Amino acid sequence: MSDQTQTGVPEHAANAPAAAPTPTAPKARADGRTKMKARQVNVFYGDKQALFDVDIDIMEHAVTSLIGPSGCGKSTFLRCLNRMNDVVDICRVQGSIEMEGEDIYDPKVDVVHLRARVGMVFQKPNPFPKSIYENIAYGPKIHGIVRNKAECDELVETSLRKAGLWEEAKDRLDQPGTGLSGGQQQRLCIARAIAVQPEVILMDEPCSALDPIATAKIEDLIHELRENYTIVIVTHSMQQAARVSQKTAFFHLGDLIEYGETETIFTNPKDEKTQGYITGRFG
Amino acid sequence: MTLAFAVALIVLIGFAYYLGQSRALKARDGRGARLHSLPSYYGMYAALWCAIPAAALLAVWSAFQGTIVEQMILADITEELSGLDQSRIGLVMNDIRNLATGGITSSDPSPAIQEAAARYSNLMVTAKAAMFVIALALGSGGLLLAFRRISPDLRARNRVERIIMTVLMLSSTIAILVTLGIVLSLVFEASRFFAQIPITEFLFGLQWSPQIAIRADQVGSSGAFGAIPVFAGTMLISFIAMCVAAPIGLFSAIYMAEYANRKVRGVLKPVLEILAGIPTVVYGFFAALTVAPTLRDLGDSIGLDVASESALAAGAVMGIMIIPFVSSLSDDVISAVPSAMREGSYGLGATKSETIRKVVLPAALPGIVGALLLAVSRAIGETMIVVMAAGLSANLTANPFEAVTTVTVQIVTLLTGDQEFDSPKTLAAFALGLLLFVVTLILNVIALRVVRKYREQYD
Amino acid sequence: MTDATANGTTPASPDEVSKRVHASLKRRYAAEKRFQLYGVVAIGLALTFLFILFYDIISKGYSAFWQSHVTIEVEIDPGEVDPQGDRSLDSLRDGSYRGITRDAFTALFPTVEGRSERRHLLELMSGSADGVVRQRVLEDPSLVGQTIPVEVKLNDDADIYVKDKTVEVETAARVNGIASPTGTSGEIQILSTANDFGAILTAVKEMLAERAEDLRDDIEGDRARIERFESQLQSVEDEEVRSDLESSIASYEYDIEEAQKQIEDLQRRIDQPDVAEALNEGMPSYLVRINGGVVKITSVDNSRATGEVYLPLESVNDAPADSWEILTLPVAESDRRLSDKQVMWLWDLENRGLISLPFNTTLFTAGDSREPEQAGIWGAVVGSFYVLVVTLLLSFPIGVMTAVYLEEFAPKNKWTDLIEVNINNLAAVPSIVFGLLGLAMFLNFFGFPRSAPLVGGMVLTLMTLPTIIIAGRAALKAVPPSIREAALGMGASRIQAMTHHVLPLAMPGMLTGTIIGMAQALGETAPLLMIGMVAFIVDIPGGFTDPATVLPVQIYIWADSPERAFVERTSAAIMVLLAFLITMNLTAVLLRKKFEKRW
């Protein structure tokens, strides 16, 4: 695994186009390369420690779900992966998180660039108070990914299509994103994240504010997106984790209790805490 | 006498409280009945019945005593006053009042006036004494009434609470009364002004020189009452002030809300609050004695003609005054933008400034506009800085180096100093005041509505 | 991205994206830095303004806390101070102290003679001096007949000289020669064995040259005007205008001629190398200190100065080079309030150690006065106190009651909405409008007295009410509903729940709002101008209806006064006002800190 990560970047470049003609079954893909590697991650909020020595390998083109009772540190860990915790003054992160063999907490790594590669979707849909078009175009524009209007139009359309929102939104691109329904807003946020063409997408309980139908749509979308992106999702719902993810990590009180294939975790957990949680004894 | 009366009234009220309470207790003990409320409520019931009529009488009486006594005096000396117009009569009354209080009069008082003055002070003393006596009598009457009604079945608590509630409600209507008072007095005085000067001339005239119209029999007494130059001067100074305050205040707010850590914020906020707490007269002093001469010398040294009462000096200092106002309002508004908005942007890899410029500020825009509007309204209504540092003559100019005058400066100059109250000159001040009130009111209403809408959006 | 590249719809591959993002970074971080810099600059500017403001006021005003006095030996002549001769307090109170005080002051300079010179000297003494002597005698009648030292105030200009050295007495260049004066008083000459006065002569000639230069500039200007008029003359037909123009031209031509004559004269004086040159009061003053006296130079050549004795010399002995000196007052006599002679008197008094600079108690104990050295802020402070008492007594109960009603009891309806909108608007109404209301309603309609703290307090109440109401409502809102519910659940009435539980918890917040409102009221000026509190009032107000002024208005009045000495007193009054305000605001902040977030 370490070999793979060390040679990660060139291999990825070679692999990406090759992956297209041979779309393999999701299960097989889940055993692919390691995209991100967290080692001995400790997180502190002021004096309080929120995460203890977390080690996780995140597989490329797989959906990894992070589950656990509230306050267990799963969201904290997720936010470490694109350094969103930098925004919090009192937050300190120790340990190493590597992406393609490069430590993302290395001072040389640019956080802006990192976040362009590791996108994020939040718990509550948070479209900007701008038009749908502007919402999508925002990322590409600030990063200078698009050079002209035509490119931009194209990218907006592709992103909306990928997020399954194009049909619903194509006639109202100039209307405010806040006017969409909750589920649409969340897909808009996903489209917004995709538009920057990240390699990894982090989702922080993306369905917790949505009704079941909208949730189903998002889950379908996650399935499709796995094709091209590595996805890490924090979820409260074990069913959802079971439905969408290939890998599952169970957190409890800041410790990573168990991490493995989703099937294994849900059918045959090694740790009794995991068992207790998934059988609903606490949580 | 006043002190003795105050003590007497307080004693009476205290007595009422004691009497009410003891009567309730006695009734309970005597008949073995259960009191509806706590004994203290019966005391309060009696005390309120005593205090409220007395207080009401005091308020009404003292509000009208002066006017009524003056009318009586004037009725006495009608022959003295025959042939005098309204403003002269006012002056005579002034003399009488001054004479009565031992002050200086404008001319040697005639015997009739002196007599009137003696009568005036007599009447005032009598009226005061009468007021006190009647107030105490009313209070005792109320007490008696309450005393007779007290029985164990009396729902004293509910009665007392109803009275308290009424008092609370009445006090909340004071805000309305104040607005009403402002509107009425301004409209009333202004309409007297517009009876003499056509309103169109006031609103659209390009000449403002009220100084001519000091005396009615003077040649050219009409004066010139075109408010445009005055208003233009106000706008010029406000504009300069906003040029200083808007960018500095806004960027300070952005820095405080988005960049400064808690420690820096903890220091900076109180410091800016100090800037906000400095009285305007201090800014006026600073503008008139330091900034204006400095600007003039600076102008001299580079060959610019800067008036020593330039609009620039007054405007710049006013801007400094408004900085904390803009910054604290904008700070609130920016902080109210939900952090999910920021996170969404950071999550896409935006830098802080990109997030602020492209997400936070557009989201906060309505609130910021509201804040700026409030600041403009503040600048327009600001008085002391311009009174001390701006000019008196109404120049219609857009040159910030020249002296201009403002609405508030004119109001102050027209109304300070001794002059009769009914000349167009003094009434013009009320017309200007009305104009000022209306303009700031419109700005405030719009601004408050915008800010409120904005708040609701994110609540 | 795989689908996309296959369809050819995505404009950039992941690598390309990565590259482009990288390419944009430098520019974006520069923008970030720039943006943050704007913020820092803005805050920096705000702080700089604050600093300049405080620095300006403190540097202008700190000297007002001291007042210069001079010690004089007053002979308490019974004939003057005790007209009835019985040493009773009544008699002593009626006595005349003016003469003995003035005599004592002029006795400081025995050589001063003549009415006008005496008056000139007495200008330096404050008009309050005889009052001080009277006070001393009334306190201790046994002093009558004795000669006692009394510290009396100098007048404002002298005070400024002593404190700020507005007129600097500089020692000019070293002298080399032996000087011999021709007399000890009156008009004398001083001869030096070296060219010690040459520097003065040069300076004088430089000034003459400057004057000549100015005249040449004037001529230039006049010529331009003449040219303009002449060109106008060619196009104008109207007879009257023509004659006007012609006469203007003639007068300018005359001016030019005169100026040219003057220039010639000046040039001649400049060119003559060693002829005595007269000094005038538009030039810096030069004085010679020699043999214990001072001579004001009126004309000089290189080695000889003619001048008038200001302070008498002890002898006509020759003075060796290190025992005499030339003093310079760089500010021309015509540009200052004190004459050379007065400066020299003060300078001499200082050298004799008679001038003291004790704390200026008058500033804090006296009412207003036209004489700066006798003016104080106590009257205004007392006035402010009365006004604030009225404001507090009215606005606190009304404000709290309104807040309680609106927050706790008011039904949600149009009327309540109207009140709310009203209060918010009132908070933003310009303060001067409240002054107009006070003038029209309280003074003209209800006939309340002018300039009275009672009316001032009422006007300020209307102004501060919104502040207190808004703060009070916020404080009430912060009390969690659970507390109300708990009280109501125990069977308390709504009013009991409010008075027993909610109000005490909200009180700190309400007090904070009230203090801030009071601070606003204390600093307010404009509405009080409208109701006549701007009058010149010497007496300390003794009640709520006495004519009074308040501290900010006193500042306004003093700032308008022409006397320079009022500038420092204004600044001092501002410092006092700011001290009050900052204390109040700090109290509010501390109160808020202490009680905030209890739940």
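## Exercises on a predicted three-chain model

In strand β2(C), C:Ile148 is the bridge partner of C:Val74. The model is predicted. Its scores are ipTM 0.86 and pTM 0.83.

**Exercise 1.** Work out which strands form the open sheet in chain C, and in what order.

*Solution.*
- Start from the pair C:Val74 and C:Ile148. Strand β1 of chain C covers residues 69–75. β1(C) and β2(C) are paired in the antiparallel sense, over seven bridges.
- Now add the third strand. The order is β2-β1-β11, and the pairing is antiparallel.
- Strands of a sheet pair through backbone hydrogen bonds, either parallel or antiparallel.
- Finish with the edges. β2 (147–153) and β11 (355–356) of chain C each have a single partner strand, so one side of each lacks a neighbour in the sheet.

**Exercise 2.** Describe the side of chain C that touches chain B: which helix gives the most, and how do the residues divide by class?

*Solution.*
- Count both sides. Chain C brings 69 residues to the contact and chain B brings 75.
- Find the top contributor on chain C. Helix α2 of chain C, residues 14–61, gives the most, with 17 residues.
- Sort this side of chain C by class. It holds 52 nonpolar, 14 polar and three charged residues.

**Exercise 3.** Do the same for the side of chain B that touches chain A: which element supplies the largest share?

*Solution.*
- Count again. The contact takes 23 residues from chain A and 16 from chain B.
- List the helices. On chain B, α12 (339–347) and α13 (352–381) each supply at least two residues of this side.
- Pick the largest share. It comes from α12(B), with six residues.
- Sort by class. This side of chain B has eight nonpolar, five polar and three charged residues.

**Exercise 4.** Summarise chain A: how many helices and strands are there, and what percentage of residues is buried?

*Solution.*
- Take the elements. Chain A has 13 helices and ten strands.
- Take burial. Of its 283 residues, 48% are buried.
- Take the contacts. Consider those between residues at least 6 apart in sequence; 71% of them join residues at least 24 apart.

**Exercise 5.** Find where in chain C pLDDT stays under 50.

*Solution.*
- Begin with the whole chain. Mean pLDDT in chain C is 86, and 96% of its residues reach 70 or more.
- Then go to the stretch itself. Over residues 1–10 of chain C, pLDDT stays under 50.
- Check its contacts. The model has 18 contacts beyond four places in sequence for these residues.

Terms used. Residues numbered from 1 in each chain as written. Chains lettered and ligands numbered in written order. Predicted model: local features only at pLDDT ≥ 70, side-chain atom pairs only at ≥ 80, totals over all residues. Helix = DSSP H or I, 4+ residues; strand = E, 2+ residues; numbered from the N terminus. Buried ≥ 20, exposed ≤ 12 C-beta atoms within 10 Å, placed from the backbone. Contact = placed C-beta atoms within 7 Å. Nonpolar A, V, L, I, M, F, W, Y, C, P; charged D, E, K, R; others polar. Pairing = 2+ DSSP bridges. pLDDT = per-residue confidence, 0-100.
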